[in-house]
Amino acid sequence: MNHRLAKTVFNLWPPFWGAGIKVARIAPDWKQVEVRLRLGLTNRNYVGVHFGGSLYAMTDPFFMLMTLKNLGNDYIVWDKAGRVDYVKPGKGVVMARFQLHDGWLEEVRSATASGEKYLPELEVDVVDSQGELVAKVHKTLYIRRKKNR
């Protein structure tokens, strides 16, 4: 799936659409993704700020998909674990920018060259419209090169 179609599919996907999550950008090379979440009736908690589950949901699939798209079909890539450190209440629009660097992708290829699994932890910041940190999301991926068929 190309980046334009993927963006449209994500924005129409019921879990994202219902929570108010919007994919603003996917780079053609899948090395950058920007996601936004506007505070609304469907994603606020009891005290009127962003529901933590929506903050996590806006970050959930992207590192896994970006890594898979960049490594290709010779690799298995799964989300293994996730953790959120909430820093301050999220109000208004919040955003997360994901980025993969070529050096990191080479590190993954090197670590998995012999068929071993690799469990890197990646982080993304969720920030408000003033650029202040709302939450830090930690994602652990499971990556392994597929065995020869």
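**Notebook: loops and helices of a predicted model**

I began with Gly48, which I found in the loop between β2 and α3 (52-57). The model I am reading is a predicted one. I looked up the exposure of Gly48 and noted a relative accessibility of 25%, so I entered this residue as partly exposed. I then took the separation of the C-alpha atoms of Gly48 and Ala81, which is 28 Å. Along the chain, Gly48 and Ala81 are 33 residues apart.

I turned next to Trp30, whose place is in the loop between β1 (21-26) and β2 (32-38). Its relative accessibility is 7%, and buried means under 20%, so I recorded Trp30 as buried. I also noted the backbone of Trp30: phi is near 60°, a positive value in a residue other than glycine.

For helix α4 (residues 62-71), I noted that seven of its 10 residues are buried, and I entered the helix as mostly covered. I listed the buried residues of α4 as Phe62, Phe63, Met64, Met66, Thr67, Asn70 and Leu71. After α4 comes Gly72, for which I read a positive phi, near 95°.

Last, I examined helix α5 (residues 102-112), where I found Trp104, Leu105, Val108 and Thr112 to be the buried residues. Looking down the axis of α5, I saw these buried residues fall within an arc of 100°, so I noted that they line one face of the helix. I then asked what covers the buried residues of α5. I entered α4, β3 (75-86), β5 (121-128) and β6 (133-145) as included in that cover.

How values were computed: Residues are numbered from 1 along each chain as its sequence is written. This is a predicted model: local features need pLDDT of at least 70, side-chain atom pairs count only at pLDDT 80 or more; totals for chains, interfaces and linings use all residues. Side-chain values use heavy atoms; hydrogens and water are left out. Helices (H or I, at least four residues) and strands (E, at least two) are DSSP runs, numbered from the N terminus. Buried means under 20% relative accessible area, exposed over 50%, partly exposed in between (1.4 Å probe, protein chains only). The arc is that of the directions from the helix axis to the C-beta atoms. Contact means heavy atoms within 4.5 Å.
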